[in-house]
Amino acid sequence: DTTKIDWNKPVYTRNEIKSLLQISDSTLTRWLNDGWIPHTQINGSDKIYVSQEDLKEFLHNPQIFYPSSR
């Protein structure tokens, strides 16, 4: 539910990004691993953090292509 997320935060969690972009965990993991979304991960943890600036840059990247699902 995106209405419960504070979008003025400087950093977002994995769950917040999945909710905002309405994507699955596997899609987010693929995008992170492929370098599409820069992120920070604490050593020894599976938690990732993405800065607001990096998320905005990703969303405005002209190289991203969203194919139709039909």
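## Strand 3 and its partners

In this predicted model, Gln 41 stands opposite Ile 48, a residue of strand 3. That pairing belongs to the contact between strand 2 (40–41) and strand 3, which pair in the antiparallel sense over 2 bridges. The two strands form a hairpin with 6 residues between them, and Gly 44, which lies in the turn, has a positive phi of about 80°.

Strand 3 also pairs with strand 1 (residues 11–13), to which it is joined by 3 bridges, and these two strands run antiparallel as well. Here Val 11 stands opposite Ser 51 of strand 3. Taken together, the 3 strands make an open sheet with antiparallel pairing, in the order 1-3-2. Strand 1 and strand 2 are the edge strands, since each of them pairs on one side only.

## Two faces of one strand

Which residues of strand 3 are buried, and which are not? Ile 48 and Val 50 point to one face and are buried, whereas Tyr 49 and Ser 51 point to the other face and are not. This can be read beside a general pattern: in a regular strand the side chains alternate between the two faces of the sheet.

## The loop before strand 3

Lys 47 is placed in the loop between strand 2 and strand 3. When its neighbours within four places in sequence are left aside, Lys 47 is in contact with Thr 40, Gln 41 and Ile 42. The C-alpha atom of Lys 47 is also separated by 7.6 Å from that of Thr 13, although the two residues are 34 residues apart along the chain.

## The nonpolar core

The largest nonpolar core has 13 residues, and those that touch the most other members are Ile 17, Ile 37 and Val 50. Two or more residues are given to this core by each of helix 1, helix 2 (25–33), strand 3 (48–51) and helix 3 (52–59), and the largest share, 3 residues, comes from helix 2. As a general tendency, nonpolar side chains in soluble globular proteins are buried together.

Ile 37 shows how such contacts reach along the chain: leaving aside its neighbours within four places in sequence, Ile 37 is in contact with Leu 28, Trp 31, Leu 32, Val 50 and Phe 58.

## One side of helix 2

The buried residues of helix 2 are Thr 27, Leu 28, Trp 31 and Leu 32. Why do they lie on the same side of helix 2? They cover an arc of only 135° around the axis, and therefore they are found on the same side of the helix. The general geometry of an α-helix helps here: there are 3.6 residues a turn, so residues three or four places apart point the same way.

The buried residues of helix 2 are covered by parts of the structure that include helix 1, strand 3 and helix 3. Just after helix 2, Gly 35 takes a positive phi of about 85°.

## An aromatic pair between two helices

How many aromatic pairs does a search of the whole structure find? The search finds 1, formed by Trp 31 and Phe 58, whose rings are tilted, with 5.2 Å centre to centre and 45° between the planes. Because Trp 31 lies in helix 2 and Phe 58 in helix 3, the pair ties together parts that are 27 residues apart in sequence.

Both partners count as buried, a term that means a relative accessible area under 20%: Trp 31 has a relative accessible area of 17%, and Phe 58 has a relative accessibility of 3%.

## Helix 1 and the loop after it

Glu 16 has its place in helix 1 (residues 14–21). Is Glu 16 buried or exposed? With a relative accessible area of 13%, Glu 16 is buried, and its side chain is joined to that of Lys 9 by a polar contact of 2.8 Å.

Gln 22, by contrast, is found in the loop between helix 1 and helix 2, and Gln 22 is exposed, with a relative accessible area of 71%. Gln 22 has a positive phi of about 55°, although it is not a glycine. In general, most residues other than glycine have a negative phi.

Technical notes
Residues numbered from 1 in each chain as written. Predicted model: local features only at pLDDT ≥ 70, side-chain atom pairs only at ≥ 80, totals over all residues. Heavy atoms only, no water. Helix = DSSP H or I, 4+ residues; strand = E, 2+ residues; numbered from the N terminus. Buried < 20%, exposed > 50% of the residue type's maximum accessible area, 1.4 Å probe, protein only. Polar contact = N/O pair within 3.5 Å; in protein donor to acceptor, adjacent residues only side chain to side chain. Core = buried A, V, L, I, M, F, W, Y, C linked by side-chain atoms within 4.5 Å. Contact = heavy atoms within 4.5 Å. Pairing = 2+ DSSP bridges. Arc of directions from axis to C-beta. Phe/Tyr/Trp six-rings, centres within 6.5 Å; stacked < 30°, edge-to-face > 60°.
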